[in-house]
Amino acid sequence: MPLAVVAGKSRPQRRPGSIGCDSKSSIMTDYVLEMRGISKNFAMTAALDGISIGLRPGEVHGLVGENGAGKSTLIKIMTGVHQPSHGEILVDGRPVTVASAQAAQALGIAAIYQEPMVFPDLDVAENIFIIHRDQGAFVNWRRMHDDARAIIARLGIVLDVERAASGLTLAEQQTVEIARAISLDVKVLIMDEPTASLSAHEVRQLMAITAMLRASGVAVLYISHRLEEVFDIADCVTVLRDGQHISTRPIAEVSPERLVTDMVGRDVGEFFARSKSHARDEVVLAVRNLTRNEVFSDIGFEVHGGEIFCLAGLIGARRTDVGLALFGVAPADEGEILIASEPVRIRRVRDAMARGIAYVSEDRRKLGLALPESITANISLPTLSAYLSKLGLIRRSAERAMAETHRRRLNIKTPHVGIEVGKLSGGNQQKVMLAKWLNAEPRVLIFDEPTRGIDVGAKAEVHAIIHELAGVGVAVIVISSDLPEVLALADRILVMREGRQMGIFTAAEATQENIMRLATGQAERPEAA
Amino acid sequence: MGVLLDRLSPQVLRVLALVIVLILVILFFGSQIDNYFSARLFNRISTSVAIMALIAVGQTLVVLTRNIDLSVGSIVGFTAYVTGQLLVDSPELHPLLALLAAIAVGAGFGAINGLLVAYGRVPAIIVTLGTLAIYRTMLVEFSGARSITTASLPDWLLELPRLNVFSVGGFDLRFQVAVMLVVVIAFHLVLTRLRLGRMFYAVGSNPEAASMAGINAARIVFIAFVLSGALAGLAGFMFLARFGNITVVAGLGFELKSVAAVVVGGVNIFGGSGTVIGVLLGAVLVDLIDASLVRWQLISEFWRDGLLGLLILLAVAADAVLMRQFIAVRQRRAREKQSRMLAHAGAAERVPA
Amino acid sequence: MLVPPSACRRNDTGSLIMPNFIKALTDRLFGWEGFLLSILIVTMLVNVSQSAMFLTIGNQINLFQLSIEKIIVALVMTLIIINGEIDLSVASMMGLAACAFGWLFQIGVPVPLAILLVLLIGAAGGAFNTFWITRVGLPSLVVTLAMLIGFRGLARVLVEDRGITDFPDWFDALGQQAILGPFPLSLLIFLGLLAFLIVVLHVSGFGRYVYMIGINKSVAEYSGVDVARVKATLFIASSTIAALAGLLYAARVGAVRGDVALGFELDIITMVLLGGVSIFGGSGSLIGVLLSILIVLNLRNGMALVNITGHIQTGVIGLLLILSVLLPNIRAYLGGLWSRRRPAAGAGGPE
């Protein structure tokens, strides 16, 4: 190893261990991108502390770690958004400075993110080629469309290149971004949580594309919270924790348990273990023939008090739309909703809330929390009338006391509840969102992707809260694309596909395989009894 | 119909809808007003549109990048006055130089707006609300509240508005209108054929993605403001030629009319989509209704501003509602097509070879 | 010294030792409001040095009287902009209200009834705006821009190019004479409205909703907040208060014409934004707006004292508006350069 990385002068020398993947019999210096002893300090904290990592062409390098481990910062340094405080970056063995996104692009480094960066008003082809600088002053539409078709075809997917990007699904938008990267002949492609919002089918497609990129000699840095994907696709894997490099190993030499231990720095044990059902006899929520025109049709199920009822399916299966119909955001056109056997009309969010239905959104930043507001104000928002005096003025002390209770109960890590929610970590934000709806004391609580994009530790805490709620008799509906999570949580599972109900499994019947068969439409199944 | 739905872009559909509305409005007033289809009215409206359309094209560039330029009215007034003063002081000045001076002054003002918005990171509505007042103040100061009068201007300038490119039975294509048409076509080509033009759409469509993709968004916004200022300067020159008398209120309220033309012309006020052809039609529609109401006996001409306001609302509402429907239908069809394709692909996969 | 206006309301403690309220106080003093306060003091000092009469109650009240209609409307505009919307139609509504009053008076409607009808017109105008914004879903910028033209057009329809004067003496007196101590009615209305809105915006549940919707409308909707009702309340209030301001104008000047309050919307919005309210919604305070109103009034007065004409005054206020946002940005930029040279103390934070 040609490594004598000493980052900060005051820092004690620490050997970072191997920085690339050693399993292949390749020369050590063939990194296309190498980070040596990268440190990054923000105002008061050190986000990265002497990180070294090397990426080889034709290799998928997994990068895992809890939120706050420093993954995002590392990526931002690679793509020129941040500058490192110490350390050096080498491309093809030559030291470089990545001063801007443009500079990164010129060096052949590109990144795709959880939320794709596309231009909604431009068509697919233009989205791919808009950033090309070598095509002269004029736009040759026909050639651009032909080139775009060729690239899309290379990826092995079906996509009309003349469609405006505004109508594309998340997965399609991601494909456009990958196509953009390919069109630029990138040497290094960074994929930051690319599958966080994808369905299982789309994930498989992405894996195939990633494998293709590897075969064509691209170095891929693959960041994901879903360890099974990392094991699926990566050649080696690096673990970061608290801004420090913990380990880099060939994938064949690590076990999932080992990886998790490295990530959290402690033994988490069996956090995906099933606990016993809390389901009671009384039916809290019943849904019959629920239909929203052009979106979903004929959905029918019952949820008992204390039951955890999961909606499974691929993205585009319209599970969220069922949740939104129950919550009154996008009301159903036909069908019946019964709360405790009593038919109710839900036309707006307030109707649902009045009936004790709450919905924890999948999109924390856009739909869940007012980030510049305090924890207190966010938690009290749906129930603000409970903290008003007769004159309509806010009773601040009562409001703060309530928030304080939730902070302790949910273990929200913050100095005090007056802090802006935007300054908390993802996991703690998720807990604030939970507190907001727990405070409404709902009878039916709908969770939409409750653990998306949060780290392993916080995930376990969220699961514990869900179980606790079920324990006190709340009817819980969980919409999740994470099958292991569904199998671990659910008492029963309803599988949807393209707006139709494909079947309901009990926990005992359900397996990943039979859920997937229904979700992908490879098997039709009569309604379970 | 189905094929039509797939083929036509929303932009083309907007332009078609505007043409239809325009024809309906013309037919309506034609049935109400005697001698409506006269060459005189055509010539009057076309020269009036010539000025507004230039400003509106500039406004379009700015609005496409998710900004707004409320200072154009003041820029028109200032350039009209300054160019007039220039020609009063030195009547021998070459016409082309006078024209260039007007454009340069406008571009300079636009550059100040652009600097503040793109590099000073002050929201456009704040900057141009401020410069609207500042540029007008400069005009008042510069002029000392005196006016430019027709008598003091050189003859070539005063004859310019009546200069004909060609005419068909009294219907003239005046020089000013020709200039406007050239500008509109040029900018249409810039926006559809030039990479730089596409950048306007990209920046307005998703500014964050633009900077992530390494597009210099600030530069694009800056260019948009400079061009808007330059076009307002050109319009100021035309204004001077058309009216001859320039007071400190010249061009007052043009910013609102230009925004009206842009919005009626189908440009998304939040950036990213719209065409100059649509904007030209929008400017024509706004001016046509304005000019026709003056001649309509049935109601007082004082109704025209009230109706103009209502027209803007209806145009935007119709656009929003219809486009929502249209896009929904479009997306459904695209989804169906996609799932059919996938089904085929899936079937092929499962059949063993 | 300068902190961007949007940062003013943030109240987290960098250190845990300093109690919340002290932190909040220092934030304010060193933040935007402190900046405004220092500008205000400087302008007042300059004014005092120019004229010994400046600080007399009479002169101060006079100061308010000259712009009283604008500053009344600016108060409600503050809530609208914090809510993430804008109402460009207020000045035209002031004109429409004044002209409608003149027209009703001319056709013989008793003055008290005319006043009532005009206020109803104001409310109806606000309801009209609301319909397009909340029902049809159009951006308020476009809707109120259209009604800026539309309301003004209606005003012109009512009075055409005439001027209407000769209102009853008692009506004119309402606009001109002191009714309580040295205070005229309009100033009392301003002070009452200010106190009421401070409570509404900063203490009441409604005010919390105003901020929350301004920060993120979807979050408010997904939390069961009746967003449409909050917006309707604000727009109807804005328009009704604008109509009231139009009446006050008619009473103060004693005459109406089609161009009453023409272009006032710019002054009004300038006062709000200069007060540190974010044009993107979600942050700002009435205290800041009050300070900016005082600055604008004193600045105009001071400039008048040194013989600077009205047009230049407008230009100066335009400049002030731009600088109010530009200066904090420049400071942040320079701060960024500084920290880039000393990487260990960089601004920002980890994700």
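**Figure 1. Helix α6 of chain C is mostly covered in this predicted model.** Of the 20 residues of α6(C), 19 are buried. The helix comprises residues 140-159 of chain C. At 1.5 Å a residue, its 20 residues should span 28 Å, and the end C-alpha atoms are indeed 28 Å apart, so the expected and modelled lengths agree. The residue that follows α6(C) is C:E160, which has a positive phi, near 45°.

**Figure 2. Helices α8 and α9 of chain C cross at roughly 65°.** Helix α8(C) covers residues 185-202 and helix α9(C) covers residues 205-215; their axes come within 5 Å. Angles of 65 to 115 degrees count as roughly perpendicular, and α8(C) is therefore described as roughly perpendicular to α9(C). On the α8(C) side, the contact involves C:V200, C:L201 and C:H202. These residues meet C:F206, C:G207 and C:V210 of α9(C). By class, the residues of this contact comprise 4 nonpolar and 2 polar, with no charged residue.

**Figure 3. Chain B and chain C contribute 36 and 37 residues, respectively, to their contact.** On the side of chain B that touches chain C, at least two residues are supplied by each of the helices α6 (124-143), α12 (254-264) and α14 (304-350) of chain B. The composition of this side of chain B is 25 nonpolar, 7 polar and 4 charged residues.

Notes:
Residues are numbered from 1 along each chain as its sequence is written. Chains are lettered from A and ligands numbered from 1 in the order in which they are written. This is a predicted model: local features need pLDDT of at least 70, side-chain atom pairs count only at pLDDT 80 or more; totals for chains, interfaces and linings use all residues. Axes are lines fitted to C-alpha atoms, for helices over the stretch in contact, and angles run from 0 to 180 degrees between N-to-C directions. Helices (H or I, at least four residues) and strands (E, at least two) are DSSP runs, numbered from the N terminus. Angles under 35 degrees count as roughly parallel, over 145 as roughly antiparallel, 65 to 115 as roughly perpendicular and the rest as oblique. Two residues are in contact if their C-beta atoms, placed from the backbone, lie within 7 Å. Ala, Val, Leu, Ile, Met, Phe, Trp, Tyr, Cys and Pro count as nonpolar, Asp, Glu, Lys and Arg as charged, and the others, Gly among them, as polar. The expected span of a helix is 1.5 Å times one less than its number of residues. A residue is buried if 20 or more other C-beta atoms lie within 10 Å of its own, exposed if 12 or fewer, and partly exposed in between; C-beta atoms are placed from the backbone.
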